[in-house]
Amino acid sequence: MHAVSSTLSLPEAACTPVGSEVYRGLTSRPKTLCPWLFYDQRGSELFEAITELPEYYLTRTERAIFAEHGDEMIAAAAAESGPLTMIELGAGTATKTGLLLRAAIRSQGAVDYYPIDVSASALAAAEQHIAEGIPGVRIESRVGDYTQGIEPIPCEGRRLVLYIGSSIGNFEPADAVQVLREARRILAPGDHLLLGADRAKDASVLIPAYDDAAGVTADFNKNVLTRIHRELGADFNLRTFRHRARWNQEQSRIEMHLESLIAQTVSIPALHLEVRFARGETIHTENSYKFTPESIASIIERAGFALTRCWSDPRQWFGVYLATVV
Ligand code: AVJ
């Protein structure tokens, strides 16, 4: 006798990460899709383009804070007892990290750097530009999903975990605490976390940052439908969906949605699924939480850290927070 599985009738594609997430999300009410689905090759290129848009202030503001205060950040995280080892969660191509790596090299001569990312190609790009541009960095990249667990990182002195770019804003607050707890688990007393998180501000600044005039963010959002077409055969007509960015004041978050402009049924052959949309119904594709110094301090403290210092830009649009293990 062998066990009869209730999943026997599910098509194979429903068991892949993309298939199961699309199945879960498009059979939920309201319909949702997780932001990690954005980042296929085209999506990663579109995100890089977003970071250069005039309306998308996050990347250039955080970079300016690192340029201005990077040496102080490194000095505050270091100890007299030995060199600082840097670990980066969701490092991507590590373009902004260069400023901090250079600051570490100025203070201690060389640095061990462990970037972690799900994308092997992004890490290869990071390794290449760091090897060419920043001598003194010993880099050991690790491919993996940091939300699923982080391997121990050896070090002689102290560790500094970088979690920058406001990636934390994609998580519900309770999940954000869990992500930081996972980082906390590989650290020892005296080690630090450097967290970059976008600040709450007027909707007149936030909305254009997520609904830019050139339509790059709209393309980034709709690209998830192109991905589902390519990987699962779905017959989405992109012209019948519209990009929407909303400011949810109560939850202090920007929401991105894809709104169906007509009543329609989309079929997804690989999942044996027909998805009905009412006119005006949306797929909620992303939350991007915006924090006050108090709301981010609460998340940091619930994860087992003590906030030691923070930095911001003159307009106070973005925050960088240093916390130590308690
Ligand atoms: C990569 C999550 C920080 O929330 O600002 C940019 C992603 N979405 N434009 C953000 C994003 C739309 C970005 N993070």
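Here are a few worked exercises on this predicted model and the ligand it holds.

**Exercise 1. Find which residues are closest to the ligand, and which side chains make polar contacts with it.**

Solution.
- Start with the shell: 13 residues surround the ligand, and the closest are Tyr56, Gly165, Tyr210, Glu286 and Ser288.
- Now look at the side chain of Tyr210, where an N or O atom is 2.5 Å from an oxygen atom of the ligand.
- Move on to Glu286: an N or O atom of its side chain is 2.6 Å from a nitrogen atom of the ligand.
- Finish with Ser288, which places a polar side-chain atom 2.7 Å from an oxygen atom of the ligand.
- A polar contact needs N or O atoms within 3.5 Å, and the distances for Tyr210, Glu286 and Ser288 can be checked against that cut-off.

**Exercise 2. Work out how much of the ligand the protein buries, and what the shell is made of.**

Solution.
- Taken alone, the ligand exposes 350 Å², and 96% of that is buried by the protein.
- Next, ask which elements give two or more residues to the shell: helix H2 (41–50) and strand E12 (282–289).
- Sort the shell by chemistry, and you get eight nonpolar residues, four polar and one charged.
- Then sort by domain: at least three residues come from each of domain 1 (4–32 + 205–289) and domain 2 (57–199 + 291–325).

**Exercise 3. Classify the aromatic pair formed by Tyr57 and Trp317, and place both residues along the chain.**

Solution.
- The model has 11 aromatic pairs in total.
- For Tyr57 and Trp317, the rings are 5.2 Å apart centre to centre, with 65° between the planes.
- Planes over 60 degrees apart count as edge-to-face, and that is the class of this pair.
- Tyr57 sits in the loop between H2 and helix H3 (58–77), while Trp317 sits in the loop between strand E13 (305–312) and strand E14 (318–325).
- The pair therefore links distant parts of the chain, 260 residues apart.

**Exercise 4. Locate the cis peptide bond and the non-glycine residue with a positive phi.**

Solution.
- Check omega: at about -5°, the bond joining Arg29 and Pro30 is cis.
- Pro30 lies in the loop between helix H1 (17–26) and strand E1 (31–32).
- Check phi: Ala94 has a positive value of about 60°, although it is not a glycine.
- Ala94 is in the loop between strand E2 (84–89) and helix H4 (97–108).

Key:
Residues are numbered from 1 along each chain as its sequence is written. This is a predicted model: local features need pLDDT of at least 70, side-chain atom pairs count only at pLDDT 80 or more; totals for chains, interfaces and linings use all residues. Side-chain values use heavy atoms; hydrogens and water are left out. A residue is near a molecule or strand if one of its heavy atoms lies within 4 Å of it. A polar contact is a pair of N or O atoms within 3.5 Å; within protein, one must be able to donate a hydrogen and the other to accept it, and residues adjacent in sequence count only if both atoms are side-chain atoms. Accessible areas come from the Shrake-Rupley method with a 1.4 Å probe; for residues, only the protein chains shown count as cover. Helices (H or I, at least four residues) and strands (E, at least two) are DSSP runs, numbered from the N terminus. Ala, Val, Leu, Ile, Met, Phe, Trp, Tyr, Cys and Pro count as nonpolar, Asp, Glu, Lys and Arg as charged, and the others, Gly among them, as polar. Domain bounds come from an automatic or database domain assignment. Rings of Phe, Tyr and Trp (its six-membered ring) pair if their centres lie within 6.5 Å; planes under 30 degrees apart count as stacked, over 60 as edge-to-face and the rest as tilted.
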